[in-house]
Amino acid sequence: MEWTITADAPGKVCLMQGNEAVVRGAVEAGLNFAASYPGSPSSQVLGLLGKIAKERNFYAEWSTNEVCALEACIGASLANARSLCIVKQNGLLCVADALHCGAQHGVKGGLVIITSDDPSAHSSTNEFDSRYQAMSADVPMLEPTTMQETKDMIPYAFDLSEKTQQMVIIRLTTRVCHGRGNVVLGELPDQPHPMEQVGEWDRLTCVNYLHEPMLKKMDAIQEIFETCPYNHYEGPEQAETLIVAGGTGRLYCRETLKRLGLSDSIGLLSLATLWPLPEKYILNYLNSAKEVLVLEEVDPVLEHNLEAIAGKYKLNIQFYGRGDGALPRIGELDPDIVLNAVAKLAQIPDFNSKEPVTDTLPVRDLTFCAGCPHRATFYLLKKALKLEKNPGIVIGDIGCYIMSSQAAGFWAYQACNCMGSGINLAEGLGHLTSYGLEQKVVTMCGDSTFFHTIMPGLVNASYHHANMLLMVLDNSATAMTGFQPHPGTGITAMGDYTQAMSIEKICEAMGCQVTIADPFDVQTTSRILFDLLKQTGLKVLIMRQPCATLMTKQQKKPLKVYVDQDICYGDGCGCDKFCSRVWGCPGNSWDFTKNKAWIDPVSCVGCGVCAKLCPSGAIKVEGGDTE
């Protein structure tokens, strides 16, 4: 993988993932600086950049959050450095202030922002369409379709950024990030892009009189986009039926037109320049069109903009797409969706659309990994709250533990907004306990989220003496996105060891009462939770137990956990299959031949918590040896 990214082999064809193609393009562009906070589907980009940063003589970091990442890139730009900021759609929302201000003052060195949207929310809580941010901030946006375009578009974007002195956004989607395709390698520079000393009169300052120059930049970029090599048209001249596609919709449409034999009768206009739209280029094809189908993900952004262009020039065109119901209003496109939409557009009478599948697989609930400490944390929390007079309020946050709003976490959550919001939601409720709200208020965050956005909220809660309990679920990694390091781990993206920051010392410095507990120590932690819930004021409980996936890599010989079926009562036990039905760890199963509990040795990682919870003592633990 790393060889294909750093190979000095111009013209060689390599199979690459979209995220790898981004890295290769950045290296070919002479990258100087890269920063990101991990977020799927583009987490691999900075991870790969960190591995090759020293070899290629550039700097790469996992920033504490996306705002830190983008603003560091803006700072690097002042020294004429080429900088790359990688975020997902939620992260682009986080940097909105810096993005809008940065668009107004512009850049010196090239600054490219990779934003990865997640249609169908495969690894997200929402399907936010990042094109709105580009339009709002007046920042140009490009979108590649193939892996080759993904690589080639990075140097193009850096050149455009420097030519116009404006940051450039490249929008990827999940299928582009994680898809694979052939890429022809380009030349690698001998050295990264040349930097310059910051001059006395070099300025990147957001002031109101730069608004008009910013708009003039967009006018200039629109002219450049009129001849952008990544916009394509294929099909008949003066097509009356036109399909306008962006991103993967272009590939699905090309396949569809070929399958239906419509390549010679329907035009396909593929747009890589999402904003600003190349109006004159588009009009070349709209002028002859009577009907237009727009294929895009997720919202009808392009559809509405094309309708506006048609209205401006008084063109009588019927538009179809996300906005009018020709395509689903939510979710990503796929070949079947596009095939059905195009066939309907072409009024093919004998076309049999794909029938919905009625024989579906059983629904599988999202759950924690075997041995995940979060399962124990939420079980103990729910148990402690049940001892209270009134049911407690539990506020969630973003991370693996978001699954605690479902059966995996015993339906613990009442609310979960965006990353870092839990502490603030809970603070509001905590103050209401002095005004008649007779419930305990609990919120939680992960260790990476703590550094990302919890600290300002914790300062606010501590300063105002909120009555609440913050639980920091410290599993020693940014586990949800691939175990990237954070300030509490003591290692950087480039593999350098540094002083790990202590969550407990930071909390204490903010004036918080801090307790540390192990969720696997069932009895002790249960008592700690019970005692803390009885206390008033702001409390912080750090639940410290490394991620089970990390621990299995470090163990020489894991604990052996098994069921002594001679002791297990099976259906005769009053627990009603507690281990498999309630506790729900993937390692806990049921032997239907003997009607007894059973531990799956493949799934079990040997945490041993279920043994502490089994009422009959049938679950046994043996051995264990760790480094």
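## Sheets, cores and cysteines in a predicted model

Helix 13 (residues 301-312) lies across strand 10, strand 13 and strand 14 of this predicted model, and it runs at about 170 degrees to strand 14.

User: Happy to start with the sheet there. In what order do its five strands lie?

Analyst: Glad to help. The sheet is open and its pairing is mixed. Its edges are strand 9 (232-234) and strand 14 (318-320), each pairing on one side only. On average, neighbouring strands are turned by 20 degrees against each other, direction ignored. The order is 9-11-10-13-14.

User: Which residue of strand 13 is the bridge partner of Thr 241?

Analyst: Strand 10 (residues 241-245) and strand 13 (residues 291-295) run parallel and are joined by five bridges. In strand 13, the partner of Thr 241 is Glu 291.

User: Which helix packs on this sheet by touching strand 9, strand 10, strand 11 and strand 13?

Analyst: The helix in question spans residues 279-286. Its direction makes about 10 degrees with that of strand 9. The name you want is helix 12.

User: Let's move to strand 4. How many of its six residues are buried?

Analyst: Both faces of strand 4 (residues 83-88) need a look here. Ser 83, Cys 85 and Val 87 point one way, Leu 84, Ile 86 and Lys 88 point the other way, and all are buried. Strand 4 is thus mostly covered, with a buried count of six.

User: And which residue of strand 5 stands opposite Ile 86?

Analyst: Strand 4 has parallel pairings with strand 2 (residues 33-36), over four bridges, and with strand 5 (residues 111-117), over six bridges. On the strand 2 side, Phe 33 has Ser 83 as its bridge partner. On the strand 5 side, the residue opposite Ile 86 is Ile 114.

User: Cys 85 makes me curious about disulfides. How many does the model have by the distance rule?

Analyst: A disulfide needs two cysteine sulfur atoms within 2.5 Å. For Cys 73, the nearest cysteine sulfur is that of Cys 85, 4.8 Å away, and Cys 73 is in no disulfide. Cys 73 is also buried, at 0% relative accessibility. The disulfide count is zero.

User: Why does Cys 547 have no bond to the closest cysteine sulfur?

Analyst: Cys 547 is buried, with a relative accessible area of 11%. The closest cysteine sulfur belongs to Cys 369, and it is too far for a bond because the separation is 6.4 Å.

User: Now the interior. Which helix gives the largest share of the largest nonpolar core?

Analyst: That core has 69 residues, and Met 444, Phe 450, Leu 458, Met 471 and Trp 583 touch the most other members. Contacts of Met 471 include Thr 377, Leu 381, Leu 529 and Met 543. Another core, of 42 residues, lies apart from it, with Phe 58 and Met 153 among them. The largest share of the 69-residue core, seven residues, comes from helix 15.

User: Last one: what arc do the buried residues of helix 16 cover around its axis?

Analyst: Helix 16 (residues 422-432) has Gly 422, Ile 423, Ala 426, Glu 427 and Gly 430 as its buried residues. They sit on the same side of helix 16. These buried residues pack against strand 15 (393-395), strand 16 (441-446), helix 17 (447-463) and strand 17 (468-474). The one-sided placement follows because the arc is only 130 degrees.

Notes:
Residues numbered from 1 in each chain as written. Predicted model: local features only at pLDDT ≥ 70, side-chain atom pairs only at ≥ 80, totals over all residues. Heavy atoms only, no water. Buried < 20%, exposed > 50% of the residue type's maximum accessible area, 1.4 Å probe, protein only. Core = buried A, V, L, I, M, F, W, Y, C linked by side-chain atoms within 4.5 Å. Helix = DSSP H or I, 4+ residues; strand = E, 2+ residues; numbered from the N terminus. Contact = heavy atoms within 4.5 Å. Arc of directions from axis to C-beta. Pairing = 2+ DSSP bridges. Axes fitted to C-alpha atoms, helices over the stretch in contact; angles between N-to-C directions. Lists of a residue's contacts leave out its neighbours within four places in sequence.
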